[in-house]
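Trainee: I have this model open and want to go through its empty spaces. Can we start with a pocket?

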Amino acid sequence: MLAAGTSAAGLTTATGEQLADRLAAQLRQAGAAQVRFAATLDELSDLVTTATAPVLITGTDLVAHTAVLRHLATNPVGPTVALVLGDPPVPGRTAVREERGQVVDAGALDALDGAATGVFGGALRVGVDDLPTLAAAARAAASGLLPVAAPIGPTGDVAPLPATGGAGGSVAAGGPGSAVDRLFAGLTALGTLVFAQRVRLLVAHRVEDPAGLTAAEAAVTAVDEDRAELRLSVKEKDDFFSTYFVSTWSPYLVRLSARLRLTPTGVTVISVLFALGAAVLFGVGGRPALVGGAVLLYLGFVLDCVDGQLARYTRHFSAWGGWLDTMADRAKEYLVYAGLGFGVSHAGLGNGWALAIAAMTLQTVRHMTDTWYGVLHDEAARRPRTATNASGGIGDRLNAASTRVQADTGSVSYWLKRTVVFPIGERWALIALTVALFNPLVSLIAVLVWGVLAFAYTGALRTLRARWMWVPVLDTVDATLHRDDGPLARWLPVVRPMGPLTLAVIAALGPAALLVAALLSDAPDGLRWAVPVALLVLLIGGLGAGAAHNGPLDWLVPAALRGAEYLFAIAVGVVGAAPGWLIFGYVLVLTVHHYDLTARLEKRQAAPPLHAATLGWEGRSVLLALAAIAGIAGIGLATLGAYLLVVFVVSVVLAWFVRPARSARASVAPAGAGGVAPR
């Protein structure tokens, strides 16, 4: 905790205890293992240097619900999170400019040129990897070398609190130009990625005098903390269907689940079972089964929302739970597509598996573009405005229009924007309604039509905005990993002038042409000679593997390569007369593998343990081509699909169970001579 020599540090609360002492008790309740005060920023730097867990830093002028500090200590959005208040920026406090949940600028009010969106709330959690930067910021702020929120006064003490658990420290400071303000301004000035936490329904205020303390305490007391936490478990901004047809009553299930001691992972598993039941009923067919499946699908989606709400309500977050939730969402949706596809074929309404494969492929490629556009937008928000080529034009106008619409919460334009992109709530609602009122064929066609229109709409607007932002986001990550390149792509020569996106798009044309020809042919088996040609065109995508991915649209490369590989696999299956369910199953395994990569990207995790064993998109395609040429395309799809599924399962076990267990054993192993664990 950081204690400053200001009037706030010694204020007495309504219960007779000093404000700093009450805050220390709240920090312990929020999960801090130790609460320690530092007299100076230099002392804070020394304490941080020895910390081995996240550190929670607060100022002694903070009056807030304990839940506010608990949320800060457990917030899963990122390793370093700052409390941001919606109070009007005033001199003497660190003003904040926030975009997409990130603090992109912080400092004195006049330094932000009127672009401030809030003020620093006097509390932040700093992740382990950012602790060296925090120590450097403390030393620099103590020396007055970094931008400060206000002139440094004669007093200004700081105090952190290293922890061994989820939260580890706290800083107390108060008054204009307080140490905690200078520390936060210094941390952001050094380029640390800081996420913002808003208070919303709870209360948090920074006080300077007894009158302010009395008013803040009254505001805290007036709020029912548990009821507020239950409401806070619901996303602040969600889709139309989720907002009005799920979140209006899902908090009751959240409270019931908490009382039954269900975990978010347990609720996720139950939601998967509901979706599986819906898929089975869709496949069985008949009006009662279709209506029953629609009801199960709706309830499964409600539970899909409840698992996240329960995690936020109970503050039970884990990397495993987040990963599992992401993977389960896609598995549930694609199981439903499989049920619909089987139902169409079983009822003799047409080639249901072809429609199901098309829906799954379309949705996966859309998700890839959604993920990478989000990464692009986050990276653009972190960069100075001049670095994003903000020179006006249509991109600037689109960006401004989008910001206005997003700010106009609840308006017709706001809901239209959120609905037209066809989010998961609307997809599940459309499936449930169409299958209950009509049949699986109408349902799949409706999903495909709306999905194509949404893809065209978002693709066009995002392309224009991305060209305006010009952020080479793939250059900020391991492009080879997220391209899913194998050894063959790395051995191919590099063709730089055309650019990796152009090469990836060309790569998709060969498989697309082969697939169209096979679908139109009365004897697709006669096109086996064209498989090597399509493969050669596909491999053109590998010529950009070693090139710089710094074009304004190169964030589309992963999605283009996914589409190219899926199209080739589907074409091989059609040419080889493989059954539709087998082609669907193989592409499903590919999507699981690729969603694992995107989930790791979103969670900032390393490559899966056995990623090299997946052979890369080009290696898998070569094996399928050889199987098609040999006349055993079905066997090739089944064998390679089974192999990839086994690799995926083993990789999951290694990543989430074996390696963490080994790390835990190593961390408690007795130390040998010289402090080295014996072998």
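Mentor: The second largest pocket has a volume of about 650 Å³. This is a predicted model: local features need pLDDT of at least 70, side-chain atom pairs count only at pLDDT 80 or more, and totals for chains, interfaces and linings use all residues. Residues are numbered from 1 along each chain as its sequence is written, and side-chain values use heavy atoms, with hydrogens and water left out.

Trainee: Which residues are the closest to the centre of that pocket?

Mentor: Thr 361, Leu 515, Gly 563, Leu 567 and Ile 570, out of 29 that line the second largest pocket. On a 1 Å grid over the protein atoms alone, a pocket is an open set of points with protein on both sides within 12 Å along at least five of seven lines, a cavity is a set where a 1.4 Å probe fits but cannot get out, and lining residues have an atom within 4 Å of a point.

Trainee: Which elements give two or more residues to that lining?

Mentor: H13, helix H20 (500-520), H22 and H23 do for the second largest pocket. H22 gives the largest share, eight residues. Helices here are DSSP runs (H or I, at least four residues), numbered from the N terminus.

Trainee: And by class, what is in the lining of the second largest pocket?

Mentor: There are 24 nonpolar residues, five polar and no charged ones. Ala, Val, Leu, Ile, Met, Phe, Trp, Tyr, Cys and Pro count as nonpolar, Asp, Glu, Lys and Arg as charged, and the others, Gly among them, as polar.

Trainee: OK, cavities next. How many of 30 Å³ or more does the structure hold?

Mentor: Two. The largest has a volume of about 80 Å³, and about 60 Å³ of space lies in the second largest. A volume is the space filled by probe spheres set on the grid points, which are joined across faces, edges and corners.

Trainee: What lines the largest cavity?

Mentor: His 593, Asp 596, Pro 608, Leu 610, His 611, Thr 614, Leu 644, Val 647, Phe 648 and Ser 651. Helix H23 (580-602) and helix H25 (633-667) are the elements that give two or more residues to this lining, with the largest share, four residues, from H25. By class, the lining of the largest cavity has five nonpolar, four polar and one charged.

Trainee: Which elements each supply at least two residues to the second largest cavity's lining?

Mentor: Helix H13 (352-382), helix H22 (557-575) and H23. The largest share, four residues, comes from H23. Among the residues lining the second largest cavity are Met 368, Trp 372, Arg 562 and His 594.
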